[in-house]
Structure formats: C-alpha cells, structure tokens
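Me: Please take a close look at the second largest pocket of this model. Which residues line the second largest pocket?

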Amino acid sequence: MSARGARRSWVPAARAGAVAVSPIVVGVVPFGLIAGAAAVERGLTAADAMALSVGIFAGAAQLAVIEVLGTGGSILVAVFTALVVNLRMMMYSASLSPWLAHEPVARRGIAAYVLTDQAYAVSLARYTDPDDEELRAADRLPFYLGAGATLWFTWQVCTITGAVAGGGIPDGVPLGFVIPLVFLTLLPPAVSDRPTVVAAIVGAAVATVGAAWPANLGMLTGAVCGIVAGSVIALRLPAREVAGAGMPS
C-alpha cells in the first residue's frame with residue numbers, strides 16, 4: 001500500500017476516535033480554562049502556562065505543579081508531585097499495552113504522550129466491545145490517536161484562553177464543580193463486570209477516606225486498593241468468565 005493510501009486508511013478510525021470522545025470534550029473545556037487561569041493567578045506568565053500545557057498535558061498534574069511553583073516550592077518537588085499524581089497513567093499504559101503492542105516504538109511513544117483518562121476510557125471501551133468486530137488491529141492506534149489529538153488540541157486552546165482571559169471569568173461561575181463531573185462521565189463505560197464494580201467501589205471508598213492525606217496519598221491508596229480488590233474478585237471467578245474479558249486477538 002502506498003504512503004498516501006496508508007494515510008487514508010487511518011482517517012476513518014481517527015475520525016471515529018474523535019467522535020467517540022467529543023461528548024467528554026465538552027466537560028474538559030472548563031477544566032482547561034481553570035488550568036490556564038490558575039497558572040496566571042499563581043504568578044506564572046501566559047507563556048509559562050502554555051509551556052506547562054504542552055510539556056505535561058495532564059490536567060490534575062498541571063494544577064498540582066502550578067500550586068507547588070506558585071507557593072514557592074522547588075522544581076524538584078513540582079516534578080515529584082506531578083509524577084505521583086500521574087502514577088495512574090502507568091496502570092493505563094499496562095492496560096492498553098496488549099492492544100497496541102504490535103505498533104512500532106515511535107508510534108507507541110506518541111500514544112504515551114497523548115494518554116489521558118478520557119482517551120484511555122473511550123479506547124478501551126471500543127477495544128473490548130463484544131458487539132463491535134469491525135475495529136481491526138490496524139485501526140486501534142488511529143482510533144486512540146483521534147481521541148487523544150482531539151483532547152490535546154482542545155486542552156491547549158482552553159489553557160491559553162484561560163491564561164489570557166481568566167481574570168474576566170466571574171467568581172460566581174462554578175468551573176471547579178465541572179472537574180469531578182468530567183471524571184464521573186468516564187466511570188460507566190469502564191465498570192462493566194463484577195471485578196470492575198468492586199474495584200470502583202473499594203477505590204472510591206478508600207480515596208474518600210484519605211481525601212485529606214498529604215501528597216495525594218488518598219487517591220493513590222484508593223487506586224491500589226481498588227486494583228487489588230478487583231483482581232481478587234477476578235481470580236475467584238470461573239476461568240471462562242475471565243477468559244472472555246476482552247483481550248486482543
């Protein structure tokens with residue numbers, strides 16, 4: 001197949017990824033505005049906010065870094081904080097690996113850069129959909145990148161808009177309330193069987209109990225406990241149910 005033909009073959013899958021993530025993008029807009037406005041409010045320039053947005057491209061980690069730098073923390077502490085907040089991305093990467101392992105390293109590197117909660121959720125839901133047999137192995141990465149690129153572009157535009165015009169947003173506009181709603185929209189497609197239900201309940205309960213713990217330990221502990229609980233339930237299920245859990249062919 002020619003290079004032009006190969007590019008054309010990516011388009012439908014990439015477009016499908018962009019369409020799949022579009023409903024979630026609406027909720028990402030206020031999140032990006034907050035990230036941009038918070039950077040300027042903490043003394044960073046609009047250029048700094050844009051550099052953080054392009055370099056990190058992770059909403060929660062970006063806000064954590066802005067908070068550390070804005071309160072006089074060192075770059076080392078900011079980097080460590082971002083790594084802790086984004087530890088969940090390691091779990092996402094491990095989960096996606098079986099589906100994208102056939103791709104060259106460079107392409108998987110690009111996939112790692114645009115990895116977000118939203119791109120992970122819509123891609124895994126599509127990969128494991130038992131009623132969708134049309135998504136070929138060659139279409140998995142373009143579908144994922146279509147979702148990831150849509151989120152990346154939206155995030156950059158919203159961040160710079162928030163940095164430039166953040167001061168004009170009235171204090172009464174509850175933008176912060178939208179952030180947890182964004183993550184809640186990701187939950188239904190990911191919770192599809194007993195192990196994932198148990199993992200979600202245990203993880204949420206522990207994270208809630210530890211919400212006030214330092215260094216975001218509550219969220220990390222909740223994630224670990226949820227994974228352990230879900231894994232225990234999965235191991236106790238009959239082998240035929242586990243085997244049908246949607247691994248790539």
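Reply: The second largest pocket is lined by I56, F57, A58, A82, L83, N86, L87, M89, S93, A112, Y113 and L115. Two or more of these lining residues come from each of α4 (75-85), α5 (88-100) and α6 (105-113), where helices are DSSP runs of H or I with at least four residues, numbered from the N terminus. The volume of the second largest pocket is about 250 Å³. A pocket here is an open set of points on a 1 Å grid over the protein atoms alone, with protein on both sides within 12 Å along at least five of seven lines, whereas a cavity is a set of points where a 1.4 Å probe fits but cannot get out; lining residues have an atom within 4 Å of a point. Grid points are joined across faces, edges and corners, and a volume is the space filled by probe spheres set on the points.

The model is predicted, so local features need pLDDT of at least 70 and side-chain atom pairs count only at pLDDT 80 or more, while totals for chains, interfaces and linings use all residues. Residues are numbered from 1 along each chain as its sequence is written, and side-chain values use heavy atoms, with hydrogens and water left out.

By class, the pocket lining holds 10 nonpolar and 2 polar residues, and no charged ones. In this scheme Ala, Val, Leu, Ile, Met, Phe, Trp, Tyr, Cys and Pro are nonpolar, Asp, Glu, Lys and Arg are charged, and the others, Gly among them, are polar.

One lining residue, N86, sits in the loop between α4 and α5. N86 is buried at a relative accessible area of 18%; buried means under 20%, exposed over 50%, and partly exposed in between, with a 1.4 Å probe and protein chains only. Residues up to four places away in sequence aside, N86 touches A58 and A61, contact being heavy atoms within 4.5 Å.

Two further lining residues, F57 and Y113, form a tilted aromatic pair, with ring centres 6.1 Å apart and planes at 40°. Rings of Phe, Tyr and Trp (its six-membered ring) pair if their centres lie within 6.5 Å; planes under 30 degrees apart are stacked, over 60 edge-to-face, and the rest tilted. Because F57 belongs to the loop between α2 (46-56) and α3 (59-70) and Y113 to helix α6, the pair ties together parts 56 residues apart in sequence. F57 is buried, at 5% relative accessible area, whereas Y113 is partly exposed at 33%.

A58 and L115 also lead beyond the pocket lining. A58 is among the residues closest to the centre of the largest cavity, together with G59, T116, Q118 and W155, out of 15 that line this cavity. The largest cavity contains about 170 Å³ of space, and its lining divides into 10 nonpolar, 3 polar and 2 charged residues. At least two lining residues of the largest cavity come from each of α1, α3, α5, α7 and α8.

L115, in turn, is one of the residues with the most contacts inside the largest nonpolar core, along with L96, Y144 and L151; this core has 26 residues. A nonpolar core is a set of buried Ala, Val, Leu, Ile, Met, Phe, Trp, Tyr and Cys residues joined through side-chain atoms within 4.5 Å. Neighbours within four places in sequence aside, L96 is in contact with L115, Y120, L124, Y127 and Y144.
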